[in-house]
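Biologist: Got a minute to walk me through this one? I'd like to know what holds the pieces together.
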Amino acid sequence: MFARISARYDLLNHLLSVNIDKRWRRRVVEKLKPSVSHESRILDVACGTGDLSIALFENIGARVTGVDFCRPMLERAARKESGIAFVEGDALQLPFDNAVFDAVTIAFGLRNLSSVEQGLGELRRVLKANGRAAILEFSRPVVPGFRLLAAAYCTRVLPRIGGLISGSRSAYEYLPDSVSRFPDQEKLSAMMSETGFADVGFENLTGGVAALHTGRRA
Ligand SMILES: C[S@@+](CC[C@H](N)C(=O)[O-])C[C@H]1O[C@@H](n2cnc3c(N)ncnc32)[C@H](O)[C@@H]1O
């Protein structure tokens, strides 16, 4: 699915979110910045076309690795920034040793995994002790009226425009579908704690349309 839409992925991200996606990724960088340095190793899981990896690389100057299992997405990422190692691999079985990264991120990736629990377990496994995890994902808008509006946008507008521009309407029908099945803020926080993350917390972005979850490997 991601291979099919890779050519139009960035354009549609920015268009459909009216560029708010850039602000959300910048927030991930801001949140991680105090706990990492230019010497840190950061892994961006399900990096796709690399926008978060690049934001981390440019703003922190850290050694960034991006991993994704979709080669056409990775090829686009590599064309944008040569200073980052983009690696082909499965988020459910990351091709890295235990405890090697100072921080891990995953943006709009966890929702796509066949097992969220296993994905969280892998994020934890590759982190050093006290290493930070930042998970950016669509979530549940907190204001009821706004929730209805966001749902209508996602189910009616988004598949039409997404389908028209990418040529794959089903990919943009899958999006609201997968968001509705994904754990909300509280549930995902509980899952992170169960996986063995400490200092688990989240902040809502754009009224909870997305949420930034953070935790530390205890
Ligand atoms: C919605 S895109 C997000 C890309 C990027 N992180 C961003 O913020 O734009 C989801 C990405 O997850 C990747 N993905 C889904 N399942 C995966 C898995 N099991 N292992 C690695 N990557 C996966 C897809 O290939 C796709 O590039």
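Biologist: How many salt bridges does the count come to?
Modeller: The count comes to 13 salt bridges. A salt bridge here is a side-chain nitrogen of Lys or Arg within 4 Å of a carboxyl oxygen of Asp or Glu. Keep in mind that this is a predicted model, where local features need pLDDT of at least 70, side-chain atom pairs count only at pLDDT 80 or more, and totals for chains, interfaces and linings use all residues. Residues are numbered from 1 along each chain as its sequence is written, and side-chain values use heavy atoms, with hydrogens and water left out.

Biologist: OK. Which residue meets Asp-21 in a salt bridge?
Modeller: That is Arg-25, at 2.8 Å from N to O. Both residues lie in helix α3 (residues 20-32). They are 4 residues apart, about one turn of the helix. Helices are DSSP runs of H or I with at least four residues, strands are runs of E with at least two, and both are numbered from the N terminus.

Biologist: Is Asp-21 buried or exposed?
Modeller: Asp-21 is buried, with a relative accessible area of 3%. Arg-25 counts as buried too, at 8%. Buried means under 20% relative accessible area, exposed means over 50%, and partly exposed is in between (1.4 Å probe, protein chains only).

Biologist: And what does Arg-71 form a salt bridge with?
Modeller: With Glu-88. The closest N and O atoms are 2.8 Å apart. Arg-71 lies in helix α5 (residues 71-80) and Glu-88 in strand β3 (residues 85-88), so this pair ties together parts that are 17 residues apart in sequence. Arg-71 is partly exposed at 49%, and Glu-88 is partly exposed at 41%.

Biologist: Where do Arg-181 and Asp-177 sit?
Modeller: In helix α8 (residues 169-181), 4 residues apart, which is about one helical turn. Their side chains meet in a salt bridge of 3.2 Å, N to O. Arg-181 is exposed, with a relative accessible area of 58%. Asp-177 counts as partly exposed at 40%.

Biologist: Which residues are linked in a network of salt bridges?
Modeller: Arg-27, Glu-30, Lys-31 and Glu-203.

Biologist: New topic: rings. How many aromatic pairs are there?
Modeller: The count comes to 4 aromatic pairs. Rings of Phe, Tyr and Trp (its six-membered ring) pair if their centres lie within 6.5 Å. Planes under 30 degrees apart count as stacked, over 60 as edge-to-face, and the rest as tilted.

Biologist: Give me one. Why does the pair of Trp-24 and Phe-138 get its label?
Modeller: The centres are 6.1 Å apart and the planes are at 85°, so the pair is edge-to-face. This pair links distant parts of the chain: Trp-24 is in helix α3 and Phe-138 in strand β5, 114 residues apart. Trp-24 is buried at 7% relative accessibility. Phe-138 is buried as well, at 18%.

Biologist: Any other edge-to-face pair? Which residues form it?
Modeller: Phe-96 and Phe-101, with 5.2 Å centre to centre and 90° between the planes. Phe-96 is buried at 15%, and Phe-101 is buried at 0%.

Biologist: What do ring pairs link into a cluster?
Modeller: Trp-24, Phe-108 and Phe-138.

Biologist: Let's do strands. How many residues of β4 are buried?
Modeller: In strand β4 (residues 101-107), 6 of its 7 residues are buried, so to put it in words, the strand is mostly covered.

Biologist: What joins β4 to β1?
Modeller: There are 4 bridges to strand β1 (residues 41-45), and the two run parallel. Two strands pair if DSSP finds at least two bridges between them. One bridge partner in β4 is Ile-106, which goes with Val-45.

Biologist: And how many bridges between β4 and β5?
Modeller: There are 6, with strand β5 (residues 127-138) pairing in the parallel sense. Ala-103 stands opposite Arg-132 in β5. The chain crosses from β4 through helix α6 (residues 116-126) to β5, and this β-α-β crossover is right-handed. With the strands pointing away from the viewer, that label needs a clockwise path from the first strand over the helix to the second.
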